[in-house]
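User: Could you take a close look at one part of this model for me? I would like to start with the surface and then see how the rest of the fold relates to the annotation.

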Amino acid sequence: MKKNVNVDIALTHIITRRRQTLIAILGVTLGVSIYLFINSLVSGFTNFSVEEMFKSSPHIKIYHDDEISTSLILPKDSAGVVAIINPQITTLSKKIVDPEALLERIKQEPYVVKAIEQVSFDLFYNRGQAQLNGSGSGVDIFEYDAMFKTGKTLVAGRLEDLQNNLNAIIIGSGIAEKLNLAIDDNITITSAFGVVKRLKIVGIFTSGVTTIDNSKSYVNISTAQQFVKKGPSFVNDIYINIPDPDKSDIYAARLRQLTSYTVEDWKAINADALSSNKTRNALMNAISLSILIVAAFGIYNILSSTISQKINDIAILKAIGFSGSNVVWIFLIEAIFMGLAGIFMGLIVGGIFIAIMSNVYMGGHIGYFPIKFESRLFASSSALGLFITICAGYFPAKKAADVDPVEIFRK
């Protein structure tokens, strides 16, 4: 029965102080909507930047890293002469020995979704007197497309024309623009090993990443092996994709048990970019959380004002048998009501903001604004909003519960 009385008293306070209640609810609405919108924005941009990384980078990469020659220090002889060889990068080949066997072992791992081999090399694009430096990838283009969806980035040509053509090449749109090239034009390629070939352009792609579009090209893997003056078994990279990229460091550790070559996950490769993302996310989260906390102060101020004005009523309640916990519950019910109403409206307003921005077309490779509805963010916004409003209501409620009715009556 007393619980119902607590609710009735709380609702009476809410109804009789409509203006203050509405202001508190609007404050929570603003805080929750901004918190939801900013976190959805941060999540959208983070997902977008990661997707951009995966357009040409695998989740895990295996390669033969540079080796440094060891210093040779001979013990002092009787003449006091010490021989030292200065450590330098060795001239050993970066070939992965028996790549087919290693690739087969990797594919047998249950967590491997896709694994392909590649021959990467540095090159120059030449047309007349014009020259651009860049990088080439010798691949099985269909397997590469299965991993990176390269076909979706083609703006001209077909992947099929590269598959079995040793004199074909697919180039980035930046290269085509700078050298004024189009489909079926010929381009002279010079590798870092001095091999020169004249290849036919059978495709032009636009990844949306300027550095890639201005330097990257794809050739048949046999053509790449000729550019580096190696035989048909030469491979210097193995690309691997896994189900959950966030666990790439765990799976990379497992793959290191299969090979002595360098195994590097995408987090290590893109450490600087990920660090920038974390800094930006922390800043945006701090701003949105601050707004939500400021909104909670509205509830705190209103309840504190109510307690000050109703101090005699509180004393009477305690004098007729209401315990301190009953008084706390009266004001907590008020805070929870205002909080829930504000959270509900805030989720609606935040959802409207997200819906509007998700339909804004940015153009280029970005397409529509990278933001979307995420249930986990709606849930976290609701939980955090409710927690903060309860905290904002508890402290003034605790103050009311400590009221001594005798002292109040004496005054």
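Analyst: Happy to! In this predicted model, a nonpolar patch of about 920 Å² lies on the surface. Its members are Leu22, Leu26, Phe344, Met345, Ile348, Ile352, Phe353, Ile356, Val360 and Met362. Two helices, H2 (18-53) and H13 (324-358), each supply at least two of these residues. H13 gives the most, with 6 residues.

Ile352 is a good residue to zoom in on. This patch member sits in helix H13. Its relative accessible area is 45%, so Ile352 falls between the buried limit of 20% and the exposed limit of 50% and counts as partly exposed.

Now for the annotation. The unreviewed UniProt entry carries the label "transmembrane region" for residues 21-38, 282-303, 315-337, 343-364 and 376-395. You can set two of these stretches against the model. Residues 21-38 are 100% helix and 0% strand, with their end C-alpha atoms 26 Å apart. Residues 315-337 are 83% helix and 0% strand, and there the end C-alpha atoms are 24 Å apart.

Let us move on to the strands, with S2 (residues 114-127) as the guide. S2 runs antiparallel to S3 (residues 130-139), and 9 bridges join the two. Arg127 of S2 stands opposite Ala130 in S3. The two strands form a hairpin with 2 residues between them, and Gly128 in the turn has a positive phi of about 65°.

S2 has further pairings to follow. With S9 (residues 237-241), S2 is again antiparallel, this time over 5 bridges; Ala115 has Ile240 as its bridge partner in S9. With S6 (residues 186-191), S2 pairs in the antiparallel sense over 4 bridges, and Leu123 stands opposite Ser191.

One last stop is a loop residue. Thr153 belongs to the loop between helix H4 (141-148) and strand S4 (154-157). Its relative accessibility is 18%, which is under the 20% limit, so Thr153 counts as buried. Leaving out residues up to four places away in sequence, Thr153 touches Ile204, Phe205, Thr206 and Ser207. If you have the viewer open, compare the two residues we zoomed in on: Ile352 is partly exposed, whereas Thr153 is buried.

Note on methods
Residues numbered from 1 in each chain as written. Predicted model: local features only at pLDDT ≥ 70, side-chain atom pairs only at ≥ 80, totals over all residues. Heavy atoms only, no water. UniProt positions renumbered as here; feature names shortened; annotations may be inferred. Buried < 20%, exposed > 50% of the residue type's maximum accessible area, 1.4 Å probe, protein only. Contact = heavy atoms within 4.5 Å. Pairing = 2+ DSSP bridges. Patch = residues over 30% accessible without salt bridge, like charges linked within 9 Å, V, L, I, M, F, W, Y side chains within 5 Å. Areas by Shrake-Rupley, 256 points an atom, 1.4 Å probe, with all protein chains shown as cover. Salt bridge = Lys/Arg side-chain N within 4 Å of Asp/Glu carboxyl O.
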